[in-house]
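Welcome, and please open the model in your viewer. We will go from stop to stop, with something to select at each one.

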Amino acid sequence: MKKIFFFVFLTICFSLSSQIYSTGTETLLPGLTANIEINGNTYITKLTLAGPSDVWLAIGFGNSEMNGTDIFMTDGNTIRDAYSEPGPSSSLVRPVPPQDSPSNESGDWNLVSNTVSSDTRTIVATRSNNTGSSNDYIFNASEGSLSIIYAFGGTSTYAWHGPNNRGATVLNVNTLGVSKNNLLSFKMYPNPVSNLLTIQLPVITEKTEVVILDLTGRLIKSKTITTNNTSLDVQKISNGIYVVRVATSDKIGVKKFIKK
Ligand code: HEM
């Protein structure tokens, strides 16, 4: 029985080793492009949105209209994890700031970079593929298609985009090669674990996020650390296989453990 379990575990590890999918860089409107990369190893989605530097930019996922859509927006300074409440399209209060975390404008998104060159702003941000919130779209790490809406404003203040600066399309999601450049190595023990799982990083130079996910990518626990060594209390989580993801702003490491 143990052998079968280990074989299944190894098969899962192996089959997870090259799952990165991307829409490639798509032009949505003149001057507005987007690239969405969905990583099935790290369970992280990376969005690169580029557009005019003096206006707000936005993209929404999994829908072809504003109603009930999970939206990412930026006014050039901050990023907003928004959700457009279902309602008549004449309403001017949508998309309202995040329903799932009103006190935290960027919600589940982390800003990686915000750069301006030749009047084009490029925003790179990351988020868990599946945040566990019903207002957040679940990015599937598989080949297929992704419906999106997009828009940009007339100024950097969030207000109606006007009849032309918005639209909807369906993007193809294709397999991408694996990049080893951004891998973060760390130690994790004991494995299997019952109570305390220790994570040991080589050198820590910036705020690092440690999260535990289940095998569907659902967030179980998260902790932001600033020291090399940290322990996570896993006593209360159900027995099974989990993923630990350790991420700085530009590097990510992933390991699996068994809770018993
Ligand atoms: C900033 C606040 C926003 C306001 C006040 C607003 C307002 C409106 C209004 C009044 C309409 C109907 C008129 C029209 O067709 O243009 C509309 C449609 C639309 N908007 Fe927005 N919008 C906002 C943000 C966004 C964002 C962030 C996106 C994309 C991520 C977006 C995408 C669309 C699309 C695709 C349509 C046509 C389909 C539909 O009616 O849902 N809008 N918006």
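Start in a loop: select P190, which sits between strand 12 (187-189) and strand 13 (196-200). Strands here, like helices, are DSSP runs numbered from the N terminus, with at least two residues (E) for a strand and at least four (H or I) for a helix. Before going on, a word on the model: it is predicted, so to speak of a local feature a pLDDT of at least 70 is needed, side-chain atom pairs count only at pLDDT 80 or more, and totals for chains, interfaces and linings use all residues. Residues are numbered from 1 along each chain as its sequence is written, and side-chain values use heavy atoms, with hydrogens and water left out.

**Stop 1: two cis bonds**

Add Y189 to your selection and look at the peptide bond from Y189 to P190: the bond is cis, with omega near -10 degrees. Now select N191 and P192, which are joined by a cis peptide bond with omega about 0 degrees. P192 also has its place in the loop between strand 12 and strand 13.

**Stop 2: the sheet around that loop**

Show strands 12, 13 and 16 as a cartoon. In that order, 12-13-16, the three strands form an open sheet with antiparallel pairing; two strands pair if DSSP finds at least two bridges between them. Which strands stand at the edges? They are strand 12 and strand 16 (229-233), each with a single partner strand, so one side of each is left without a neighbour in the sheet. On average, neighbouring strands of this sheet are turned by 20 degrees against each other, direction ignored. (The axes are lines fitted to C-alpha atoms, for helices over the stretch in contact, and angles run from 0 to 180 degrees between N-to-C directions.)

Strand 12 and strand 13 run antiparallel and are joined by three bridges. To see one pair of facing residues, select K187 and Q200: K187 stands opposite Q200 in strand 13. While you have side chains on display, keep in mind that in a regular strand the side chains alternate between the two faces of the sheet.

**Stop 3: a turn of phi**

Next, select S118 and D119. Both S118 and D119 are found in the loop between strand 8 (110-117) and strand 9 (120-128). S118 is not a glycine, yet its phi is positive, at about 45 degrees. D119 has a positive phi too, near 65 degrees, and is likewise a residue other than glycine.

Are these residues buried or exposed? S118 is exposed, with a relative accessible area of 70%, and D119 is exposed at 61%. Exposed means over 50% relative accessible area, buried under 20%, and partly exposed in between (1.4 Å probe, protein chains only).

**Stop 4: N35 and S22**

Select N35 in strand 3 (residues 32-39). N35 counts as buried, at 16% relative accessibility. Which residues is N35 in contact with, leaving aside its neighbours within four places in sequence? They are S22, T23, G24, T25, K46, L47 and T48, where contact means heavy atoms within 4.5 Å.

Turn on the side chain of T25: the side chain of N35 makes a polar contact with it at 3.1 Å. A polar contact is a pair of N or O atoms within 3.5 Å; within protein, one must be able to donate a hydrogen and the other to accept it, and residues adjacent in sequence count only if both atoms are side-chain atoms.

Move on to S22, in strand 1 (residues 20-22), which counts as buried at 7% relative accessibility. Its side chain makes a polar contact with the side chain of N35 (3.5 Å), and a polar atom of the S22 side chain lies 2.9 Å from the backbone nitrogen of G24. Leaving aside neighbours within four places in sequence, S22 is also in contact with residues including I36, E37, N172 and V173.

For a distance across the sequence, pick the C-alpha atoms of N35 and L171: 136 residues apart along the chain, they are separated by 9.7 Å.

**Stop 5: strands 5, 10 and 11**

Select strand 5 (residues 57-61) and strand 10 (residues 144-152), which run antiparallel and are joined by five bridges. Here A58 stands opposite A151 in strand 10. Strand 10 also pairs with strand 11 (residues 166-176) in the antiparallel sense, over eight bridges. In this pairing, I149 stands opposite A168 in strand 11.

**Last stop: zoom out**

Show the whole protein chain, with one helix and 18 strands. Of its 260 residues, 43% count as buried.
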